[in-house]
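I open a fresh page for this structure. I want to look up one strand and a few salt bridges.

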Amino acid sequence: MNHPRIFVQIASYRDPECQWTIKDLFARAKYPDRVFVGVCAQFGPEDDADCFEVVTRPDQVRVVEFHADESRGLGWARHQAWTLWQDEEFILQIDSHMRFVDDWDARMIDMLGQCDSPQAILSAYPPGYEPPDILLSEDVTKHFCREFLDNGVVTLGAGGTTELEAATAPSPSAFVAGGFLFAPSRAITQVPHDPHVFFWGEEISRAVRLWTSGWDLFAPHEVLIYHYYGMRDKNRRRNVGHPDAGKLEKLTTERVKHYLGIAETENPAALVDIEKYGLGRERPLADYEAFSGLNFGARTIARYAKIWPFYLTEEAANARDDLRLNPALAESAQAYVVEDSGVVFYEPAQEIYHLNRAAMFIWCSLEDDQPQADIVRLLAASLGVSEDRADKVLTQTLQHWWDIGLLASSPQMGPSETLALLNHLNLRPWADTDDYPEAPAANRAQQRFYRLMNATVRVCYETAAQEAIIHPIVAHLETGAPPADFDSTVSVVQHKQEYFVYQDDEPRNRCLDISGLGPIIKSLILQAGVNSQDYFMCIHAGVVTDGRTCILIPGESGRGKSSLTAALVKAGYTYCSDEIALLAENSFEVTAPHIAMCIKDSGFDTMAALFPQISDLPVYDREDGKQVRYFLPGDGRTADQAGAAMPVQRIVFPRYDPDQPPGLTRMDKATVLRIMLSECMAIPKHIDQPGIARFVRWIRDVDCFQLSVSSLDDAVTMGKQLMSEHNVSGIDQP
């Protein structure tokens, strides 16, 4: 009997590990003659000869080659590799840096047969290895949703090791990993790779498209494959130097948000071939949201999705379906009306949720013990829909509240399982510290002291080159004479080809290039400064001041927050921050950490039009792959003035629209409250209901606007108008 054939699909971007991945997969296969490989090889002929030093079974390896400059991203590369498929029965999609267990091919096919579905897919984040073949762990894991990013795309984590090790068969899952997906090949012919996904959003969009097309996802209960998670050569990363990286990432986000129901778009560039690469028609998106516990529109994660088994079990589904029998609200949940909508605060978990007009009506009706029939009738009249539709809205709303814990019958979670807001702001990215060298002794010969807010940080440089790359970013924070005391010590050490960063002898981060040290050290100093403060809430926002009051500019990354901040400074305001604003507990006055403005590579030329000196500043490599410059608009303020608390005069939300005239428009307070809460980065201590009530009252009393501009010149003009207007009562209403 012939063993089925497997097509191993690899997207390789300038990766010297790819050749060893191919060698290992053949060496460890039980039936290597039945394994075939398809590689989309993206490389630079002049620089990447080391990527092709080893050739294994060339008759079984098919390659489509592209110059690295031709690359259009990960989805495009996976799509190109798939064109090399020649009717093999199974597909294994992997990254270009993997290692395998013995007999992996037979074991994957056998394990797929153990799945409780005729339409099964195996996928998970594999444990790691270090080249050449050091296997770091035997932990088998399963996906769960960690959080929603600002742009609406989710990030995934991995857990459930203990439960999976005790399992005898694969476990149902709601997610897939781009670097390990094994399935019958018809899964890809039915749900082809979307070539218009650049990078971020690939895994969640793939999972939803497969699931809605009738495919069931499973996590393996045994280790089958290993992945290299270590640092790669920064010059060989997919988005370094790519001229269209920023544009393609934005189009991907717009596209993914469209077919996940987060935000519709009419941009034809984001909707290319959307009918071919959109959601499936076998199961609705709403069913995936229930199964996975994700609500894309509300950006919430159900309680059952945060703990094993990370999906809606049959028992939980039955309880969810019967909740109309007992729709009582949780005693610890309190709603606050804001205009015709509002928010609800669930104190035990320190969670705050926005309620639209219909949801606020339902909440108030349940608080008044109104019969459900009356709620449906009045809701239908209010929304202008049929009573059948209103009844569905009531059920969907209650199910969402049940998911996130707002009903008395909601599943309960122990203290260790509750994912509450962070106790302290943590700006450092995740880092694997297993292979860090020993922490260095403090280098007193090359040390500088920096003070931000109430924290003094000593930075010990190992070399003059490190000092030269880091100090300019934070030079304005340097103290005069060395202080008698300081709060923490940050040290840098170069080991082999990497740079390692420690704080108080604890590993914090690492990078391959010296230019990556700047963003890391800046983030650690910022973290120390913010954590030294006593505040109610930390908001992701820009801040400018007229010397007496300030304008708060909240906004997620990519929405023009930094650009508007820079434009207002050019218009005459004084710069405070383009990243963080701290709201005081009772007054809600703002204190902003006086850090340098971060300008991403996509904005170099635009921002240089306002401040030409930006073009001469050094470029730093951030861990997310973006290149940035740091710029501090001069303002002549003293340290005391820089750290002073200021009342908020206005909250302004930027909106770039090249097709609309510039202008200020008042925003409804419920929308403002929702955006403010979505941009909350940290709440340092337990909040009670009176605290939230004060926050809501404050929002009601602050002037809030949307500033629509089509260019930075427009923003400067509107900024000057804001400077000259003390009474804004004549501004357009929404």
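**Strand β6 and its partners**

I started with strand β6, where A120 stands opposite D216 in β13. I keep in mind that this is a predicted model. Strand β13 covers residues 216-219, and three bridges join β6 to β13. The two run parallel.

I then checked strand β12, residues 180-184. Two bridges join β12 to β6, and here the strands run antiparallel. L181 in β12 is the bridge partner of S123.

Which way do the side chains of β6 point? I found A120 and L122 pointing one way, and I121 and S123 the other way. All four are buried. In a regular strand, side chains alternate between the two faces of the sheet.

**Salt bridges**

I noted 21 salt bridges in the structure. I picked out three pairs.

My first pair was D102 and R28, whose side chains meet at 2.8 Å, N to O. D102 sits in the loop between β5 and α3, and R28 in the loop between α1 and β2, so this pair ties together parts 74 residues apart in sequence. D102 is partly exposed at 48%. R28 is partly exposed too, at 31%. I also saw that D24, R28 and D102 form a network of salt bridges.

Next I looked at D194 and R255, also joined by a salt bridge at 2.8 Å, N to O. D194 lies in the loop between α5 and α6, and R255 in helix α7, so the pair links parts 61 residues apart in sequence. Are they buried or exposed? D194 is buried at 5% relative accessibility, and R255 is buried at 1%.

Last came D546 and R548, at 3.4 Å, N to O. D546 is partly exposed at 27%, whereas R548 is exposed at 55%.

Definitions and conventions
Residues numbered from 1 in each chain as written. Predicted model: local features only at pLDDT ≥ 70, side-chain atom pairs only at ≥ 80, totals over all residues. Heavy atoms only, no water. Buried < 20%, exposed > 50% of the residue type's maximum accessible area, 1.4 Å probe, protein only. Pairing = 2+ DSSP bridges. Salt bridge = Lys/Arg side-chain N within 4 Å of Asp/Glu carboxyl O.
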